[in-house]
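Reader: Hi, can we go through this structure together? I'm new to this.

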Amino acid sequence: MKAQYGILRFKKYKGPAISPIEAHNERTKEQYASNPDIDTSRSRYNLHLVQPPGRYREEADRMIAAVHCRVRKDSVRVVEALVTASPEFFKDKTNREIRAYFEYALEFLKSKQNTQTFISAVVHMDEKTPHLHLCFVPLTADGRLSAKEIIGNRKNLVKWQDEFWQHMVKQ
């Protein structure tokens with residue numbers, strides 16, 4: 001049997017890039033020329049584990065304003081965590097089992113970041129391999145905007161991934 005992986009990746013978004021990522025995650029467009037892997041006939045199986053209360057950019061700005069932290073024009077306002085696994089892992093899994101996998105993965109992310117900073121968590125079932133997009137505002141415990149502090153450097157990313165793996169294999 002081939003090795004299977006639980007995958008956790010991060011991407012940072014500044015102001016202008018937030019709307020396109022929202023359009024992708026929330027499936028607000030009819031056609032996705034940029035991503036031919038999206039099978040819109042299966043989009044109805046996508047599921048929200050965290051429903052966005054509003055537009056991503058507005059939600060991020062609201063959270064940032066609420067803590068009165070300084071923001072530069074080029075500040076990272078939204079971090080996206082992408083969670084998935086090897087395609088083989090999902091073979092022969094029921095929708096319920098797939099949902100349970102992502103709910104369990106989300107528990108790990110909740111243990112690492114204040115859930116009040118979460119904007120949206122959506123599982124895409126309409127692409128080749130199911131995956132979760134979690135978007136959050138990178139606010140620190142003491143109310144600063146710092147993606148660097150939360151995600152960190154390469155060494156810290158390795159730690160995130162090791163801890164994620166340890167969490168996931170328990171299940």
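Author: Here is a short chat about rings, cores, a helix, cysteines and two backbone angles.

Reader: What kind of model is this?
Author: This is a predicted model: local features need pLDDT of at least 70, side-chain atom pairs count only at pLDDT 80 or more, and totals for chains, interfaces and linings use all residues. Residues are numbered from 1 along each chain as its sequence is written, and side-chain values use heavy atoms, with hydrogens and water left out.

Reader: Rings, then. How many aromatic pairs are there?
Author: Nine. Rings of Phe, Tyr and Trp (its six-membered ring) pair if their centres lie within 6.5 Å; planes under 30 degrees apart are stacked, over 60 edge-to-face, and the rest tilted.

Reader: Which class do Phe89 and Phe90 fall in?
Author: Their centres are 5.1 Å apart and their planes are at 85 degrees, so they are edge-to-face. Tyr101 and Phe102 are also edge-to-face, because their centres are 5.1 Å apart and their planes at 85 degrees.

Reader: Is Phe90 buried or exposed?
Author: Buried, at 7% relative accessibility. Buried means under 20% relative accessible area, exposed over 50%, and partly exposed in between (1.4 Å probe, protein chains only). Tyr101 and Phe102 are buried too.

Reader: Which residues form an aromatic cluster?
Author: Phe10, Phe108, Trp160 and Phe164 form one.

Reader: Which charge sits over the ring of Phe89?
Author: The charged end of Lys93, 4.4 Å from the ring centre. The rule: NZ of Lys or CZ of Arg is within 6 Å of the ring centre and within 35 degrees of the ring normal. Lys112 lies over the face of Trp160, at 5.8 Å from the ring centre.

Reader: New topic. What is α4 like?
Author: Helix α4 covers residues 95-112, 18 in number. From first C-alpha to last it reaches 26 Å, close to the 26 Å expected at 1.5 Å a residue. That expected span is 1.5 Å times one less than the number of residues. Helices (H or I, at least four residues) and strands (E, at least two) are DSSP runs, numbered from the N terminus.

Reader: Which residues of α4 are buried?
Author: Among them are Ile98, Tyr104, Ala105, Leu106 and Leu109. Lys110 is in α4 as well, but is partly exposed at 35%.

Reader: How many residues are in the largest nonpolar core?
Author: It has 32 residues, and Leu8, Leu49, Val83, Phe102, Leu109 and Leu134 have the most contacts inside it. The largest share, eight residues, comes from α4. Such a core is a set of buried Ala, Val, Leu, Ile, Met, Phe, Trp, Tyr and Cys residues joined through side-chain atoms within 4.5 Å.

Reader: And the second core, which residues does it include?
Author: It is separate, has 14 residues, and includes Ile18, Ile21, Ile64 and Ile119.

Reader: How many disulfides does the search find?
Author: Zero. A disulfide is a pair of cysteine sulfur atoms within 2.5 Å. For Cys69, the nearest cysteine sulfur is that of Cys135, 18 Å away. Cys69 is buried at 17%, and Cys135 is buried at 0%.

Reader: Last one. What is the phi of Arg27?
Author: About 55 degrees, which is positive although Arg27 is not a glycine. Most residues other than glycine have a negative phi. Arg27 is in the loop between α1 (18-26) and β2, and is buried at 14%. His68 also has a positive phi, near 55 degrees. His68 lies in the loop between α2 (56-66) and β3, and is exposed at 73%.
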